[in-house]
Amino acid sequence: MQRTRTKLAALAAATSLLLPLQTVLASKSFGVKRGFPLHATAFIGDGFPPSCSTYLFRGTNQHESKMSRKFCEMALSNDKHVGKEASLFLSNLINNLQGDYDNYHQTRSDRLLGLTPGEGGGHEHIHATIMRISNPKTSTSKKFIEIDGSFPLENKMLAAYYFDGMPNRIFRFRMYEFDIFDGTDSKIPKSGFDGDFQPLVRTKLYTLNPALETQLRVISTEPELWPDAVREHMKKETKGSRNVKDSDFFVELPGCDILWSRQPDIERHSYLTEDELEISSHGIGDNKSHDEDVDQRSYHACMINPNGTIVDSQSLLPGIKLRIQDELSLIIGNTDGHAFKNSTVLYINDRGYNSVTNDFVYGNQRGVPYKMNKVSMFVSRASVCEEEAPYQRQILNETLSWTLGEKYRTSEEYIHLMEQIGGTTTRFNK
């Protein structure tokens, strides 16, 4: 037992630069050397901020006390480094994720191979619009709604999904809330990810209350207006009342949390190409410093539970429970075409099964994720009048701009392009 404790203490010291202190505390007593036990004790001051560490080591003599203090200082230093890395990762993830994505090119390739949606092994034509809620023209001190204290709008995004280039027929509306993941959630299966997948950011998923969703659907073709519409709706509904909670506007989907990592899970992100895996391993560019995060060109996500989550079917099969699974990868393209010839791509490997019969309900039945090319991004206006939307769309891919709605295409163009994929791809739009 003494030898085991000694090895455990040595392991803790060796890994203190890699892991937060609380991660390596597997026992309440560690033998540093024979006759000099070193104990982990609940933190009670001694100059260390309680928010940074859960425990410190209490030695039984002066030498051990100095050593334990040094150990804790090293661990706290690592906590700060990890915190900075995660903050940069979070900021860059949100900046890169916002925009429009569409899989028309994938759908067209499917049809040329004779693959049709559903049992035919092909994909439906899907579009995603992802928009941050925070308003860049709003001062920092006002980037929240006064609801039961405060409801910060930073790190929150709206996501709308529609088929066949019809933004007026949204089939899914969600709010995503991003936050730094501290690794302490006991609900996460310990064996759920391989060694390279190290979560830095968590995303919680929410549905919108009917009144807010209805208001946003009215302006579904103008997502630039969504941030102000959300703020105005919430202000109107609260009317200064402190009894209104954020849950009155957004309802969390339990068990559907997504974790984001720099590196993919080799098994769960097996759909990535060799080029994309290379980007995930090395990034693009000569500077490989994670402190500045300049080389981050890939972001990978998994649902917390690798076996999926059971949810109520809200529209596809009312009254039936579904088991849903999802993996995502965002691969940032290089506009000069040298390092990565393709445009920015968002992979969505979302599928659902009947929880009782295990029959396939939605998603691609060959297990091939939806490959969504980035169509546009939302940029802040250089100078914004009160009457103008705070964001404007910047088209990145002209070949897919027609998927943004009627004002980006003619009727003849739409009919011709849809004929190339056999017409509308779901019952939803027939």
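# Exercises on a predicted model

The protein has eight helices and 21 strands. The model is predicted. Of its 430 residues, 47% count as buried.

## Exercise 1. Aromatic pairs

Classify the ring pair of tyrosine 104 and tryptophan 402, and locate both residues.

Solution.
- Step 1: start from the total. The count comes to eight aromatic pairs.
- Step 2: take the geometry. The ring centres of tyrosine 104 and tryptophan 402 are 5.1 Å apart, and the planes stand at 90 degrees.
- Step 3: apply the cut-offs. Centres must lie within 6.5 Å, and planes over 60 degrees apart count as edge-to-face. The pair is therefore edge-to-face.
- Step 4: place the residues. Tyrosine 104 belongs to helix H4 (residues 104-112). Tryptophan 402 sits in the loop between strand E21 (391-395) and helix H8 (411-419). The pair links distant parts of the chain, 298 residues apart.
- Step 5: check burial. Tyrosine 104 and tryptophan 402 are both buried.
- Step 6: extend the pair. Tyr104, Trp402 and Tyr414 make up one aromatic cluster.

## Exercise 2. A second pair

Do the same for tyrosine 271 and tyrosine 347.

Solution.
- Step 1: the centre-to-centre distance is 5.3 Å, with 40 degrees between the planes.
- Step 2: stacked needs planes under 30 degrees apart and edge-to-face needs over 60; the rest are tilted. The pair of tyrosine 271 and tyrosine 347 is tilted.
- Step 3: tyrosine 271 is found in the loop between strand E12 (258-261) and helix H7 (274-282), and tyrosine 347 in strand E17 (residues 345-348). The pair therefore ties together parts 76 residues apart in sequence.
- Step 4: both tyrosine 271 and tyrosine 347 are buried.

## Exercise 3. A buried serine

Describe the surroundings of serine 329 and give its side-chain polar contacts to tyrosine 271 and histidine 300.

Solution.
- Step 1: serine 329 is part of strand E16 (residues 327-331).
- Step 2: its relative accessible area is 0%. The cut-off for buried is under 20%, so serine 329 is buried.
- Step 3: the side chain of serine 329 has a polar contact of 2.9 Å with the side chain of tyrosine 271. Another, also of 2.9 Å, joins the side chains of serine 329 and histidine 300.
- Step 4: beyond four places in sequence, serine 329 contacts residues including His269, Tyr299, Leu346 and Tyr347.

## Exercise 4. A partly exposed asparagine

Is asparagine 96 buried or partly exposed, and which side chain does its own side chain meet in a polar contact?

Solution.
- Step 1: asparagine 96 lies in helix H3 (residues 62-97).
- Step 2: its relative accessibility is 22%, so asparagine 96 counts as partly exposed.
- Step 3: the polar partner is the side chain of tyrosine 299, at 3.1 Å.
- Step 4: asparagine 96 and tyrosine 299 are 203 residues apart along the chain, and their C-alpha atoms are separated by 9.6 Å.
- Step 5: leaving out residues up to four places away, asparagine 96 also touches Tyr101, Leu330, Ile332 and Lys374.

## Exercise 5. Nonpolar cores

How many residues has the largest nonpolar core, and which element gives the largest share?

Solution.
- Step 1: the largest core has 37 residues. Among those with the most contacts inside it are Leu97, Phe178, Trp260 and Leu346.
- Step 2: H3 gives the largest share, six residues.
- Step 3: another core lies apart from it, with 22 residues, including Leu158, Met175, Ala229 and Phe249.
- Step 4: look at leucine 346. Outside its neighbours within four places, leucine 346 contacts Leu97, Tyr101, Ile130 and Met372, among others.

## Exercise 6. Backbone outliers and cysteines

Find the phi sign of asparagine 155 and of aspartate 164; then count the disulfides.

Solution.
- Step 1: recall the background. Most residues other than glycine have a negative phi.
- Step 2: asparagine 155 has a positive phi of about 65 degrees. Asparagine 155 sits in the loop between strand E7 (151-152) and strand E8 (156-163). At 30% relative accessibility, asparagine 155 is partly exposed.
- Step 3: aspartate 164 has a positive phi of about 55 degrees. Aspartate 164 is in the loop between E8 and strand E9 (170-180). With a relative accessible area of 0%, aspartate 164 is buried.
- Step 4: the structure holds zero disulfides. Cysteine 256 is buried at 3% relative accessibility, and cysteine 302 is buried at 0%.

Notes. Residues are numbered from 1 along each chain as its sequence is written. This is a predicted model: local features need pLDDT of at least 70, side-chain atom pairs count only at pLDDT 80 or more; totals for chains, interfaces and linings use all residues. Side-chain values use heavy atoms; hydrogens and water are left out. Rings of Phe, Tyr and Trp (its six-membered ring) pair if their centres lie within 6.5 Å; planes under 30 degrees apart count as stacked, over 60 as edge-to-face and the rest as tilted. Helices (H or I, at least four residues) and strands (E, at least two) are DSSP runs, numbered from the N terminus. Buried means under 20% relative accessible area, exposed over 50%, partly exposed in between (1.4 Å probe, protein chains only). Contact means heavy atoms within 4.5 Å. A polar contact is a pair of N or O atoms within 3.5 Å; within protein, one must be able to donate a hydrogen and the other to accept it, and residues adjacent in sequence count only if both atoms are side-chain atoms. A nonpolar core is a set of buried Ala, Val, Leu, Ile, Met, Phe, Trp, Tyr and Cys residues joined through side-chain atoms within 4.5 Å. A disulfide is a pair of cysteine sulfur atoms within 2.5 Å.
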